[in-house]
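Trainee: I'd like to zoom in on one part of this model and really understand how it fits with what's around it. Could you walk me through it slowly?

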Amino acid sequence: MENLVVIDTETTGLNPLTDRIIAIGFWHVNKFVKFVSNDEKEMLENFWKFISENEISKLIGFNINFDWTFLKLRSMRYGIKIKYFKKYEERVDLRKLLNSEPRAKGTLTDYCTFLGIDIPGEDISGKDVPTVWEAHQNGDSNALPRIVEHLQLDVLRTKALYDKILESGMI
């Protein structure tokens, strides 16, 4: 598992052209790693440096194309070079693997509940992240830790879902 990461991002909205990445989190070699910063460019540079230095060759996520679109477009905005860009085109989308119907319903939490995956913790909804980020921007010292906790729980859920898929022989 050393050459792959189970990844998730938190963003201020759904459009990478107008919204930004707040935090990037992933599971790598049995630990949660996060990049969080008010400076998006610095955060992305640190993320890609880590990916390159650790020779990560595969990104795995739930609805990974959303995260990937933000990562590549926001990096391009700042002129950040993505080393070995082409290999990340082979990322693994767990949502698509579980249900290939493009209009299928179901969130990460829905699939985890269905499969009996329980990751305890108090959590905000992903839909609430932009509002909580705004509170952070307005000086709420509890807001950013709440976003990071949500990110970590989603990464742990995604990792548990990935493990369940591995156990089933689907990958």
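Trainee: Let's start with a pairing: in S4, which residue is the bridge partner of Val6?

Mentor: It's Ile60. Before we go on, keep in mind that this is a predicted model. Right beside that pair, Val5 has Leu59 as its bridge partner in S4. Step back a little and you'll see that strand S1 (residues 4-11) and strand S4 (residues 58-61) run parallel, joined by 3 bridges. As for what holds such neighbours together, strands of a sheet pair through backbone hydrogen bonds, either parallel or antiparallel.

Now follow S4 towards its other neighbour. Strand S5 (residues 92-93) also runs parallel to S4, and 2 bridges join them. One pairing to look for is Gly61 with Asp93 in S5. Put the strands together and you get an open sheet of 5 strands in the order S3-S2-S1-S4-S5, with mixed pairing. At the edges sit strand S3 (31-36) and S5, and each pairs on one side only.

Next, look at what lies on the sheet. Helix H2 (residues 64-77) goes across S1, S2, S4 and S5, at about 75° to S1. Helix H1 (residues 40-53) lies across S1, strand S2 (21-28) and S3, and runs at about 15° to S2.

Let's stay with H2 for a bit. Its 14 residues should span 20 Å at 1.5 Å a residue, and the end C-alpha atoms are in fact 20 Å apart, so the two values agree. Which way does H2 face? Its buried residues are Ile64, Asp67, Trp68, Phe70, Leu71, Arg74 and Ser75. They cover an arc of only 165° around the axis, so they sit on the same side of H2. Here's a handy rule for reading a list like that: an α-helix has 3.6 residues a turn, so residues three or four places apart point the same way. The cover over the buried residues of H2 includes S1, S2, H1, S4 and S5. On the other side of H2, Met76 and Arg77 are exposed. After H2 comes Gly79, and its phi is positive, near 70°.

Last, the rings. Searching the whole structure turns up 9 aromatic pairs. One of them is Phe35 with Phe50, an edge-to-face pair with centres 6.1 Å apart and 65° between the planes. This pair links distant parts of the chain, since Phe35 is in strand S3 and Phe50 in helix H1, 15 residues apart. Both Phe35 and Phe50 are buried. Phe47 and Trp48 make another pair: with ring centres 4.8 Å apart and planes at 65°, that one is edge-to-face because such an angle is over 60 degrees. Phe47 has 0% relative accessibility, so it counts as buried, and Trp48 is buried too, at 6%. Trace the ring pairs from one to the next and you find a cluster of Phe26, Phe35, Phe47, Trp48, Phe50 and Trp68. Trp68 should ring a bell, as one of the buried residues of H2.

Terms used: Residues numbered from 1 in each chain as written. Predicted model: local features only at pLDDT ≥ 70, side-chain atom pairs only at ≥ 80, totals over all residues. Heavy atoms only, no water. Pairing = 2+ DSSP bridges. Helix = DSSP H or I, 4+ residues; strand = E, 2+ residues; numbered from the N terminus. Contact = heavy atoms within 4.5 Å. Axes fitted to C-alpha atoms, helices over the stretch in contact; angles between N-to-C directions. Phe/Tyr/Trp six-rings, centres within 6.5 Å; stacked < 30°, edge-to-face > 60°. Buried < 20%, exposed > 50% of the residue type's maximum accessible area, 1.4 Å probe, protein only. Expected span 1.5 Å × (residues − 1). Arc of directions from axis to C-beta.
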